[in-house]
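Open the model in your viewer and keep the selection panel at hand. The stops below say what to select and what is there.

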2 protein chains.
Amino acid sequence: MKLLTRETDYSVRVLCHMAAKGNKQWTAAELYLDLRIPRPFLRRILQMMNKGGLLESRKGRSGGFRLASAPRTIKLADVVRLFQGELRLNECLFKKRICPDRKHCPLRSKIQSIEDYAVKQFEGTTIQSLLQGN
Amino acid sequence: MKLLTRETDYSVRVLCHMAAKGNKQWTAAELYLDLRIPRPFLRRILQMMNKGGLLESRKGRSGGFRLASAPRTIKLADVVRLFQGELRLNECLFKKRICPDRKHCPLRSKIQSIEDYAVKQFEGTTIQSLLQGN
DNA sequence: TATAATGATACTATTATTATATCATTTTAC
DNA sequence: GTAAAATGATATAATAATAGTATCATTATA
Ligand code: FES
Ligand code: FES
């Protein structure tokens, strides 16, 4: 099971790669050469990151992408949310049919606790902290 | 994203249901009537739990399934392991191609920490504790 | 010995993820 | 002005994992 999808994972790499080189602007082609992420896939996630406010883009001939904000302000949680939505490890498979009281289901509450922990980790991790190796 | 698959989830229900009624023996048909888990699917997971040592089975005319051990000794981690294998939230998508040092990859180590937490929760939860609601 | 149970296993369906392909639009170098 | 080089938008295909079904063999006993 993968906690992070490839979209998320690739995107983190892109962000880290960009952040490591200051405030440079990058074309999809350049990023492809450096990171070897499948090209059309890379383009799509760049566009999504642009829409999602993680990147800025310039169109046209000398266009490209750059970070929309400082690496220390970009949280892993933002990336996960963009590509995977709000983390939900906890979906009840039974919708009332079996479990009489979802709120107090002990199984759910364990999973909820794991989810909370994961979200806390994601919130506490920034692109900058990843670059610094902690 | 589901941290527990249906196989795991259904199986926990089966185990809890059985545990709530002492050491009774159950046929697949009885469990179906009580839990409404899709019949062929239910039969398959019962057989897997038998092979995996969580249940005992008796074949033949008055056969059926029963718990192989006391509810306080059956851990959620056992069920997860049986159906989902060793929890691995952490698979590296890049196999050496990009990340120079997997061991010290800060992204992986965050995820590893979440995985460790999850496993700890699973190890600390038993069928009995679920029945008791904690 | 017919019946009612599990054992084994092959198969299908559904869904989510991953990846590709195309064409439209924008900007600028010339 | 216009060709070129970039992103924007979006439809589609491929793959893999999960979920669910179906069938026949084997076993034990009423
Ligand atoms: S099973 Fe749905 S919440 Fe307990
Ligand atoms: S990416 Fe493979 S481990 Fe860091």
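Start with the residues around DNA strand D. By class, this surface holds 12 charged, 10 polar and 7 nonpolar residues. Keep in mind throughout that the model is predicted.

**Stop 1: DNA strand D**

Select DNA strand D and the 29 residues that surround it. The closest are A:Arg43, A:Asn50, A:Ser57, B:Arg6 and B:Arg44. Which part of the strand faces the protein, by atom count? Of the strand D atoms within 4 Å of the protein, 61% belong to sugar or phosphate, and the rest to bases.

Now colour by secondary structure. Five elements each supply at least two residues of the surface near DNA strand D: from chain A, helix H3 (39-51), strand E1 (55-58) and strand E2 (64-67), and from chain B, helix H1 (6-20) and helix H3 (39-51). The largest share is that of H3(A), with 5 residues.

Three atom pairs are worth a distance label:

- A:Ala28: a polar backbone atom is 3.0 Å from a phosphate oxygen of DNA strand D.
- B:Arg6: an N or O atom of the side chain is 2.8 Å from a phosphate oxygen of DNA strand D.
- B:Arg61: a polar backbone atom is 3.3 Å from a base nitrogen of DNA strand D.

**Stop 2: DNA strand C**

Switch the selection to DNA strand C, which has 28 residues around it. A:Arg6, A:Arg44, A:Arg61, B:Arg43 and B:Ser57 come nearest. Of the strand C atoms that come within 4 Å of the protein, sugar and phosphate account for 61%. The surface near DNA strand C has 12 charged, 10 polar and 6 nonpolar residues.

On this strand, helix H1 (6-20) and H3 of chain A each supply at least two residues of the nearby surface, as do H3, strand E1 (55-58) and strand E2 (64-67) of chain B. H3(B) gives the largest share, 5 residues.

Label these pairs next:

- A:Lys2: a polar side-chain atom lies 3.0 Å from a phosphate oxygen of DNA strand C.
- A:Arg61: a polar backbone atom is 2.8 Å from a base oxygen of DNA strand C.
- B:Arg43: a polar side-chain atom lies 2.8 Å from a base nitrogen of DNA strand C.

**Stop 3: the two protein chains**

Hide the DNA and show chains A and B. What rotation superposes chain B on chain A? A rotation of 180° does, with 0.0 Å of shift along its axis and an RMSD of 0.0 Å. The two copies are therefore related as by a two-fold rotation axis. Select the interface residues of chain B: 100% of them are also interface residues in chain A, so the copies meet through the same surface.

**Stop 4: the fold of chain A**

Show chain A alone. Its elements are 6 helices and 2 strands, and from the N terminus on they run α-α-α-β-β-α-α-α. Of the chain's 134 residues, 46% count as buried. Among contacts in chain A with a separation of 6 or more, 65% are between residues 24 or more positions apart.

**Stop 5: helix H2 of chain B**

Select residues 28-35 of chain B, which form helix H2. Which of its residues are buried? They are B:Ala28, B:Leu31, B:Tyr32 and B:Leu35. These residues cover an arc of only 105° around the axis, which puts them on the same side of H2(B). An α-helix has 3.6 residues a turn, so residues three or four places apart point the same way. Add H1 and H3 of chain B to the view to see what the buried residues of H2(B) pack against.

**Stop 6: Arg36 in both chains**

Move on to B:Arg36, which follows H2(B) and is found in the loop between H2 and H3 of chain B. Its phi is near 55°, a positive value in a residue other than glycine. Most residues other than glycine have a negative phi. B:Arg36 is partly exposed, with a relative accessible area of 41%.

Then select A:Arg36, in the loop between helix H2 (28-35) and H3 of chain A. A:Arg36 has a positive phi of about 55° although it is not a glycine. A:Arg36 is partly exposed, and its relative accessible area is 41%.

**Stop 7: B:Thr8**

Finish in helix H1 of chain B, at B:Thr8. Is B:Thr8 buried or exposed? B:Thr8 is buried, with a relative accessible area of 0%. Its side chain makes a polar contact of 2.9 Å with the side chain of B:Gln84. Leaving aside residues up to four places away in sequence, B:Thr8 touches B:Val79, B:Val80, B:Phe83 and B:Gln84.

Key: Residues are numbered from 1 along each chain as its sequence is written. Chains are lettered from A and ligands numbered from 1 in the order in which they are written. This is a predicted model: local features need pLDDT of at least 70, side-chain atom pairs count only at pLDDT 80 or more; totals for chains, interfaces and linings use all residues. Side-chain values use heavy atoms; hydrogens and water are left out. A residue is near a molecule or strand if one of its heavy atoms lies within 4 Å of it. A polar contact is a pair of N or O atoms within 3.5 Å; within protein, one must be able to donate a hydrogen and the other to accept it, and residues adjacent in sequence count only if both atoms are side-chain atoms. Helices (H or I, at least four residues) and strands (E, at least two) are DSSP runs, numbered from the N terminus. Ala, Val, Leu, Ile, Met, Phe, Trp, Tyr, Cys and Pro count as nonpolar, Asp, Glu, Lys and Arg as charged, and the others, Gly among them, as polar. Copies are superposed by least squares on the C-alpha atoms of residues with pLDDT of at least 70 in both. Contact means heavy atoms within 4.5 Å. Buried means under 20% relative accessible area, exposed over 50%, partly exposed in between (1.4 Å probe, protein chains only). The arc is that of the directions from the helix axis to the C-beta atoms.
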